[in-house]
Amino acid sequence: MNTEHEFGSDIKSNNFLKDKLDIESDKRPASMFYIWFASNLTVGDFAVGFIPVYLGLPIIYSVVAIVIGTVAGGIMLSYMSQLGVIYRVPQMYMGRAPFGTIGGSLLSILQWGNTAGWLTVNVILASLAIYEIMKIPYYLIIMSIVIVVALTALIGYRAIRILERSMSYVLGILFVFLIIFLIYSHFSISYPYAPVLDIPSAFGITFASAFSYIMSWGPYAADYSRHVQLKKPSRIIFYYTLLGSVIASVFAEIVGMLVSAASGNPSGSPAADLSMVMNRYALIGMLALFLGGIAANAINLYSNSLAFLSIGFRSERWVAIIVASIFSFAMGIVGFFRFYGFYETFLFILDYWITPWIGIMIAHFFLVRKLNPERFNDLPRLVKPGIYAYLISIIVSIPFMAPAGIINMPVAALLHGVDISYFVSFFLAMILYLYFSKLSVRQRNIQTSVKNIR
């Protein structure tokens with residue numbers, strides 16, 4: 001029996017794990033490889049590859065920055081995925097443990113915005129791909145993509161697993177064709193380096209872009225790994241997630257970089273540049289971008305619906321899917337012709353809430369304590385160590401911020417616009433959470449001792 005639609009009623013009754021109503025039985029941990037491979041061999045990663053070329057960063061430095069940034073972000077994603085197979089609840093519902101029910105609900109609102117934003121980004125990119133070759137009204141293209149993704153998300157994890165596994169093969173073949181074509185037709189790919197920034201700054205921004213894209217999947221991870229059943233605890237989910245996400249992201253971003261370089265003068269539209277470079281094979285390139293958008297958005301919309309319910313809304317999951325679909329359609333119409341600035345701004349700003357959240361999640365579940373799954377139904381409204389650590393880390397990281405180059409805060413200005421605030425907030429949040437947790441335990445022990453004396 002497929003009981004994906006029971007999740008909302010579980011939230012309403014505050015008995016989320018009763019009979020495990022929302023959990024599919026998937027005994028194949030390799031599913032995580034396919035899910036994170038297909039969802040990252042997409043238009044979003046492809047567009048990230050345009051950033052170093054736009055900044056004038058030499059290709060060898062670009063590749064190194066992409067690889068290092070992707071591996072760093074992939075590790076964060078994989079730790080979150082590991083939690084799903086242990087606790088078997090959605091990621092944002094799990095996030096209530098270190099923040100409390102109210103704190104967890106507020107962060108679920110941020111995750112709803114995160115997933116809704118990525119829905120819009122991928123709708124625009126996939127629509128641009130079809131628009132390049134068919135020139136039909138763009139709003140019809142956007143509507144078609146939104147409907148297909150909504151139907152997949154409505155069916156739930158089983159449909160997503162089948163879709164992502166299939167897309168892994170299809171997209172893998174298409175992207176291999178793209179890179180072979182690029183190497184064969186543009187074997188001496190180069191471009192006139194007109195650096196917008198010096199090499200260290202351009203390297204830092206490229207690294208940050210690659211890191212931020214894959215890291216931003218962190219609040220989704222357990223939504224899928226929770227369906228996997230293992231006979232005994234294992235890190236196999238961590239490795240499958242890491243391999244699938246990193247291999248796909250690096251590959252797609254390097255393809256994007258090569259396309260941008262081969263174009264000679266990136267137009268700001270990844271789809272238009274790919275179409276121009278591919279020439280008579282443009283249809284194959286556009287198909288790869290289009291299908292990649294579908295693969296990524298199936299993940300975005302499904303997790304969006306779980307985040308919506310984790311906020312505490314008393315509704316069914318299909319209502320959440322309709323709300324997000326209408327939002328992404330409307331925003332896709334608004335952002336269709338001014339995509340690149342929107343994408344870059346969104347990519348940087350979303351990091352500010354995610355990295356300290358991941359730091360606290362890792363500290364709580366891997367270093368401080370392990371909860372019995374039933375305890376998720378009996379949590380305080382606010383958990384002070386998590387709230388304090390989160391807010392302080394965000395505040396302290398503000399001087400390091402440079403949101404999409406709109407404004408450089410003092411330290412970021414000294415670094416020529418390189419934004420390292422998310423690394424500052426990640427490590428600081430983890431350290432502070434460990435400190436405040438130990439302090440809280442010490443205070444409780446003192447209070448208990450005083451009561452016993454009395």
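The bend at a residue is the angle between two axes, one fitted to the seven residues that end there and the other to the seven that start there. In this predicted model, helix α9 bends by about 25° at M167.

**Figure 1. The overall fold of the predicted model is made of helices.** The secondary structure comprises 20 helices and 0 strands. Of the 454 residues in the protein, 58% count as buried. Among contacts between residues at least 6 apart in sequence, 87% join residues at least 24 apart. The mean pLDDT is 83, and 84% of the residues reach 70 or more. Among the elements of the protein, helix α18 (residues 384-397) has the highest mean pLDDT, 95, whereas helix α1 (residues 7-13) has the lowest, 39. Over residues 1-22 the pLDDT stays under 50, and the model has 52 contacts beyond four places in sequence for this stretch.

**Figure 2. Helix α9 is shown with its bend at M167.** This helix covers residues 157-185, a run of 29 residues. From its first C-alpha to its last, α9 reaches 40 Å, which is close to the 42 Å expected at 1.5 Å a residue. The bend of about 25° is located at M167.

**Figure 3. Helix α10 is mostly covered and has a cap at its N-terminal end.** The helix runs over residues 199-215 and has 17 residues. These residues should span 24 Å at 1.5 Å a residue, and the end C-alpha atoms are 24 Å apart, so the two values agree. Of the 17 residues in α10, 14 are buried. The cap at the N-terminal end is D198, which has a side-chain oxygen 3.0 Å from the backbone nitrogen of S201.

**Figure 4. The largest nonpolar core is viewed around I358.** This core has 119 residues. Those with the most contacts inside the core are W36, M94, F175, Y224, W357, I358 and F376. When neighbours within four places in sequence are left aside, I358 is in contact with M76, M80, M215, G218 and F426.

**Figure 5. S39 and G244 are both drawn with their contacts.** S39 is placed in the loop between α2 (31-38) and α3 (43-48). Its relative accessible area is 0%, under the 20% limit, and S39 is therefore buried. The side chain of S39 reaches the backbone oxygen of I35 at a distance of 2.7 Å. Not counting residues up to four places away in sequence, S39 touches E164, Y213, W217, A295, A296 and I299. G244 belongs to helix α12 (residues 236-263). With a relative accessibility of 0%, G244 also counts as buried. The C-alpha atoms of G244 and S39 are separated by 9.2 Å, although the two residues are 205 residues apart along the chain. G244 touches F33, W36 and F37, again without counting residues up to four places away in sequence. One of these, W36, is listed among the residues with the most contacts inside the largest nonpolar core.

**Figure 6. The loop residues R88 and H416 each have a positive phi.** Most residues other than glycine have a negative phi. R88 is not a glycine, yet its phi is positive, at about 55°. This residue, R88, is placed in the loop between α5 (59-87) and α6 (91-94). R88 has a relative accessible area of 11%, which is under 20%, so R88 is buried. H416, likewise not a glycine, has a positive phi of about 60°. The position of H416 is in the loop between α19 (410-414) and α20 (421-453).

**Figure 7. S397 in helix α18 is shown with its contacts.** Helix α18 covers residues 384-397, and S397 lies in this helix. The relative accessible area of S397 is 2%; this value is under 20%, and S397 is therefore buried. Leaving aside neighbours within four places in sequence, S397 is in contact with S421, V424 and S425. From C-alpha to C-alpha, S397 and I420 are 8.4 Å apart in space, and they are 23 residues apart in sequence.

Methods:
Residues are numbered from 1 along each chain as its sequence is written. This is a predicted model: local features need pLDDT of at least 70, side-chain atom pairs count only at pLDDT 80 or more; totals for chains, interfaces and linings use all residues. Side-chain values use heavy atoms; hydrogens and water are left out. Helices (H or I, at least four residues) and strands (E, at least two) are DSSP runs, numbered from the N terminus. The expected span of a helix is 1.5 Å times one less than its number of residues. A nonpolar core is a set of buried Ala, Val, Leu, Ile, Met, Phe, Trp, Tyr and Cys residues joined through side-chain atoms within 4.5 Å. Buried means under 20% relative accessible area, exposed over 50%, partly exposed in between (1.4 Å probe, protein chains only). Contact means heavy atoms within 4.5 Å. A polar contact is a pair of N or O atoms within 3.5 Å; within protein, one must be able to donate a hydrogen and the other to accept it, and residues adjacent in sequence count only if both atoms are side-chain atoms. pLDDT is the predictor's confidence in each residue, from 0 to 100.
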